[in-house]
Each structure stands twice: as C-alpha cells, then as structure tokens.
Amino acid sequence: MGLKETIYRLRMERGLSQEALADQLEVSRQSVSKWETGSSVPDLEKLLKLSALFEVTLDELVGREETASPPPRLTEPSPAPPVKQSLSRPRIIGRFLLGAAALIWILSSLHIGFLNGLLPAFPLGLCGVVCLFARSHVLLRCLWVLFFSVDTYLRYGTGIRWSMILLTPIFEESWNYARLFFAWVEFFCFLILITVTVFLLQKKPLAPTKRNRNRIMAGWVLFFLLPGLLFLPLDPLSLLSNFIYIFYDWVWLPLFTALLSAAMRYLRGRRRSGQS
C-alpha cells in the first residue's frame, strides 16, 4: 500500500475530513487532496506530523511495512458525498431560520416599527447564517449568537449586565434584587457556555509549533492588558467610555474562552507528538 492510500485510510479510520486534517497540519485542504491522489508528496516535517497524529511509524505511513489486514478497496465511494450529506441538514435549517427571521421582521414591523422589528428577527437571522456557512460546531456557534443577543437586549432594554454581580456585596434593596438575580443567571449561563466550548474544542489537537506557541502567549498578554482600558481617564458618561465598557464585556471573556481552548489543544498536540 502506497503513501496516498495510507493517508486516506488512516484519515477515514479516525473520521477526519480533508479540511479537519489540513487544519491540524496547518496546510490547505488542497494539499491533503493532492497527497491522497498522489499528485504531490508531503515533506519530511509533514510526514512526522502525520506519523504523530495517526500514531503510526514512518515506515507504516509510507507503506514499507505490510499489515496483516487486507488493504481497503480503492473503489469505495469518495469521502466527499458523506460530507455533503452531513452539511445538508444545517443548510436546510439555516434557510428555514432566515425565512422565519424575514417573516417575523415583516410582521413585527407592521406593529412595532421597522427598526424595532429587528429585535426578535436578528438572532434567528444570525443563527441562519451560522447554519449556512459554519462547517463545524454549528449548535455551539448558535448558542453564542443567542447568548450575545440576549445580553444585548438585557443591556440596552433593562440595563442588566453580567458584570453587575461584582456589586453583590454592596447591593441595596432599592436597586431591585431581581436585576441582580438575572445578572447572576446570565453569568452562570456564560460559565456553562465557556465550559462546553472548551470541552468540545480541546478534542482537536493543535500542532505544537513555535508559531502556535507564540500566538497563544501573545493572546494571553493581550488578555491581561485589556482590563487596563477600564482605568483610562475618561468621562464615564461619554460615548467612548460606554464603547470601552461594551468592548470589555464582549471581548475579554470570549477571548479567555478562545485562549483556554487553544492552550489545551496545544498541550494535547504536544502529548500526541511525544514532546516533553
């Protein structure tokens, strides 16, 4: 069995698409396709990464060692049709959500105005776009869209934001405890969303390259510098000050989620490659 058949067989055994394998090797999907068709051959660095990822020796990878099991028939259907079938359902749902958003917008505009009609339709429309174009973790992406949509409504419609939980020790009855309660509910929903996101994304190893390590370190530096924006000498009622607070709430914790996921993926990649 040659190199191209071995790469295809190992990729299919692990349930990876060409794009998923390309992401882990930091190459384009076209490169993986060329390897599997035999029009090109991966260089030594990529061969080492493939060997670590598939947990096989280089000899097994390039086909120098024959295995006892018979090789898979090359006349089997290509992996492209199953990928298209798996994406068809999200696309159908995406079209349905976009149609529902447009209908809700039209009906709401007749009663509460053109711009106000966007409020209930906008989250559905965004989820529809996610279903149409996202290739993985569609439900997770939709949950993030819904979370920030609800956060936007609470922020501008009621003045409630998750950061109100920091006022819990000094909160007074005249400030309405219901507002504090909803702030805590939003915060716990955010924690659950972070946990689920990190759990799902850390399963996909990140290549333990120096470039990836430097990117993660630079991201953590930015993460710890962002709170400094809150201490800028600005008028608290100014437009710039409000923008900074919104930017902080919407970027700082999502950035923490992304960096934590990337760090765990990097460590998982190091363990797989056998690095210390």
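Helices in this account are DSSP runs of at least four residues, numbered from the N terminus. Under that convention, lysine 49 and glutamate 45 both belong to helix H4 (residues 44–54), where four residues, or about one turn of the helix, separate them. The model described here is predicted.

## Overall architecture

The protein chain contains eleven helices and zero strands. Read from the N terminus, its elements therefore follow the order α-α-α-α-α-α-α-α-α-α-α. The chain has 276 residues, and 36% of them count as buried. Among contacts with a separation of 6 or more, 62% join residues 24 or more positions apart. The exposed area of the protein chain is about 17,400 Å², of which carbon and sulfur atoms supply 67%.

## Salt bridges

The count of salt bridges comes to three. The table lists each pair with its N to O distance.

| Basic residue | Acidic residue | N to O distance |
|---|---|---|
| Arginine 9 | Glutamate 13 | 3.1 Å |
| Arginine 11 | Glutamate 36 | 2.5 Å |
| Lysine 49 | Glutamate 45 | 3.6 Å |

Arginine 11 and glutamate 36 link distant parts of the chain: arginine 11 lies in helix H1, glutamate 36 lies in helix H3 (residues 29–37), and 25 residues separate the two. Both partners of this bridge are buried. Arginine 11 has a relative accessible area of 1%, and glutamate 36 counts as buried at 13% relative accessibility.

The pair formed by glutamate 13 and arginine 9 sits within helix H1 (residues 3–13); because the two are four residues apart there, about one helical turn separates them. Glutamate 13 counts as exposed, with 52% relative accessibility. The threshold for that class is over 50%.

In helix H4, the bridge joins the side chains of lysine 49 and glutamate 45. Lysine 49 counts as buried at 18% relative accessibility, whereas glutamate 45 is partly exposed, with a relative accessible area of 44%. The cut-off for burial is under 20%. An α-helix has 3.6 residues a turn, so residues three or four places apart point the same way.

## Helix H8 and residues with positive phi

Helix H8 covers residues 138–158, which is 21 residues. From its first C-alpha to its last, H8 reaches 30 Å, close to the 30 Å expected at 1.5 Å a residue. The buried residues of H8 are Val138, Leu140, Cys142, Trp144, Val145, Phe147, Ser149, Asp151, Leu154 and Arg155. Following H8 is glycine 159, with a positive phi near 80°.

Positive phi values also occur at two residues that are not glycine. Glutamate 55 has a phi of about 60° and lies in the loop between H4 and helix H5 (58–62). Its relative accessible area of 61% makes glutamate 55 exposed. Asparagine 176 has a positive phi of about 80° and is found in the loop between H8 and helix H9 (177–201). Asparagine 176 is partly exposed, with a relative accessible area of 38%.

## Nonpolar cores

In soluble globular proteins, nonpolar side chains tend to be buried together. The largest nonpolar core here has 23 residues, and Trp144, Phe190 and Trp252 touch the most other members. H8, H9 and helix H11 (239–273) each supply at least two residues of this core. H9 contributes the largest share, seven residues. Leaving aside neighbours within four places in sequence, tryptophan 252 is in contact with Phe223, Leu226, Pro227 and Phe247. A second, separate core has 17 residues, including Leu10, Leu16, Leu53 and Val56.

Trp144 also takes part in the surroundings of threonine 257. Threonine 257 is found in helix H11 and is buried, with a relative accessible area of 3%. Apart from its neighbours within four places in sequence, threonine 257 is in contact with Trp144, Ile194, Thr197 and Val198.

Technical notes:
Residues numbered from 1 in each chain as written. Predicted model: local features only at pLDDT ≥ 70, side-chain atom pairs only at ≥ 80, totals over all residues. Heavy atoms only, no water. Buried < 20%, exposed > 50% of the residue type's maximum accessible area, 1.4 Å probe, protein only. Contact = heavy atoms within 4.5 Å. Areas by Shrake-Rupley, 256 points an atom, 1.4 Å probe, with all protein chains shown as cover. Expected span 1.5 Å × (residues − 1). Salt bridge = Lys/Arg side-chain N within 4 Å of Asp/Glu carboxyl O. Core = buried A, V, L, I, M, F, W, Y, C linked by side-chain atoms within 4.5 Å.
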